[in-house]
Amino acid sequence: MKLTYVLPLVAVSTALVLPDEQVFNQIAIESHRSADSVWDKLPSKHQVVDNVEGSFDKLRESLGKVSKCSKHALDSAIDYAAETGDDIYKKVHQTGFAAGSWADSAINIEDHHPHHKPNKTIYELIASSKYTTKLAAAISEYPDLVVLLNGTLANYTVFAPVDSAFEKIPKGAPKPSKETLKKILLYHVSPEFYPAGKVLVTHTVPTALTVDTVGIGPQRLSTNIGLRGLTVNFYSRIIAIDIFGTNGVIHGVDSLLIPPPNVADIITFLPGEFSTLELGLTKTGLLPAINDTSNHHGGTLFAPSNFAFQKLGPRINAFLFSSYGLKYLKALLEYHVVANQTLYSDAYYAAEEVDQKDIPKGIFHIDLATLLKDKSLAVDVLRYGRYINIKINAFSQVTIEDGIAADGVIQVVSDVIVPPKPIDRMDTYWQGEDLTVDDLKERLEPFVQDTDVEL
């Protein structure tokens, strides 16, 4: 078995793309609260700004004291994190929730600079640290990467795995090819400047790894705040922040960041959440079609969880998974698949466009064409700092955002998305009202004649 497959499987055991069950359930609970209750509880803008700025100042003051007495910023930051234990994670966690929820636009965090002017490049910091000897050795195998991380073409961000991260590689695993290892290293680098404050209010980060399977943009990382603190791709914990070099910033992480598998593989890896969806995709022939990246560039799967299918009730599920109902199930699932358009919570890639787009703060609307003929999903994104609410067809909520995949992204939805019903020449969206088998058949009947799956 190749290392590139072993490592993702190790990561899956701690939720490669999705949080663990406790976090999943908590997010699901939160998603059912009304929008009004969220906004009603918001503090005033001035209160938020004061609280967040105070949290950032305390954290930066602590790190500033470390750097004043330190000969090596990266070593000192990791030493400090180890000495203070969970206290630093609590500070990051609290700061992240405050800033991420409400005050991104009110705080000038992107222009933060170190207290003392750095005198080493990103590569020099990594190469001279006692905690990143294995990362430095790996980078040194690629002269172009050394030049990149010593260069000034951009202010880079590196999520640097410490030496103990490499010890998580299973014993006996074969050494990856040079090409594969280079892709892994590039996946730890962003060509954009992301100090800790910006990471905390960002859901996804573009990397230096370019792949044609996600569309016109680079592969991305996801950042998450949960029970384990601040993590990247849900499993790699950030253990040191804001180690500044002359050409960027380093954040230390405790696990290697492995480029993700395809969407279809991720669904298969997580039967606890997606066994019903996997069964449906397999029975209808959609799973291998989705997995074939030769006929599409990027895509978005709005993935109903097992619980979402349970909400349809036993009669509808029995019908959909019967031999007679499979053609209806196929049409229903096609309505959840978007090809050639990759919609992250804060970025959008399209195969035919020249540049990717960042999703702006505020309200963003987009209609995404699905595999179901002539039917699109109406997607509304409400974004204010780290607080993001994504709703499909004005009803189904995205409960877990940004399942990063090699060939697109997975957005987990709270409900199965049922195609609209035409009434008086207007599409009427399903809003969760009681649905019978006959109602569902009526909505899907115009689409069950086509049997070929085309992306």
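These questions and answers look at a predicted model of one protein chain.

Q: Why is Thr132 called buried?
A: Its relative accessible area is 1%. Buried means under 20%. Thr132 falls under that cut-off, so the word applies.

Q: Where is Thr132 found?
A: Thr132 sits in the loop between helix H7 (122-128) and helix H8 (133-140).

Q: What makes the pair Thr132 and Ile126 a polar contact?
A: A polar atom of the Thr132 side chain lies 2.8 Å from the backbone oxygen of Ile126. The cut-off for such a pair is within 3.5 Å. The distance meets the cut-off, so the pair counts as a polar contact.

Q: Which residues is Thr132 in contact with, leaving aside its neighbours within four places in sequence?
A: They are Leu74, Ile126, Pro161, Val162 and Asp163. Contact here means heavy atoms within 4.5 Å.

Q: What makes a set of residues a nonpolar core?
A: Its members are buried residues of kinds such as Leu, Phe, Val and Ile, joined through side-chain atoms within 4.5 Å. The largest such core in this chain has 61 residues. Leu277, Phe302, Leu320, Val379 and Ile392 have the most contacts inside it. Helix H18 (residues 326-334) gives the largest share of this core, five residues.

Q: Which residues does a second, separate core include?
A: Among its 49 residues are Ile122, Ile126, Phe166 and Tyr349.

Q: How much of the chain is buried?
A: Buried residues make up 55% of the 455 residues.

Note on methods. Residues numbered from 1 in each chain as written. Predicted model: local features only at pLDDT ≥ 70, side-chain atom pairs only at ≥ 80, totals over all residues. Heavy atoms only, no water. Buried < 20%, exposed > 50% of the residue type's maximum accessible area, 1.4 Å probe, protein only. Helix = DSSP H or I, 4+ residues; strand = E, 2+ residues; numbered from the N terminus. Polar contact = N/O pair within 3.5 Å; in protein donor to acceptor, adjacent residues only side chain to side chain.
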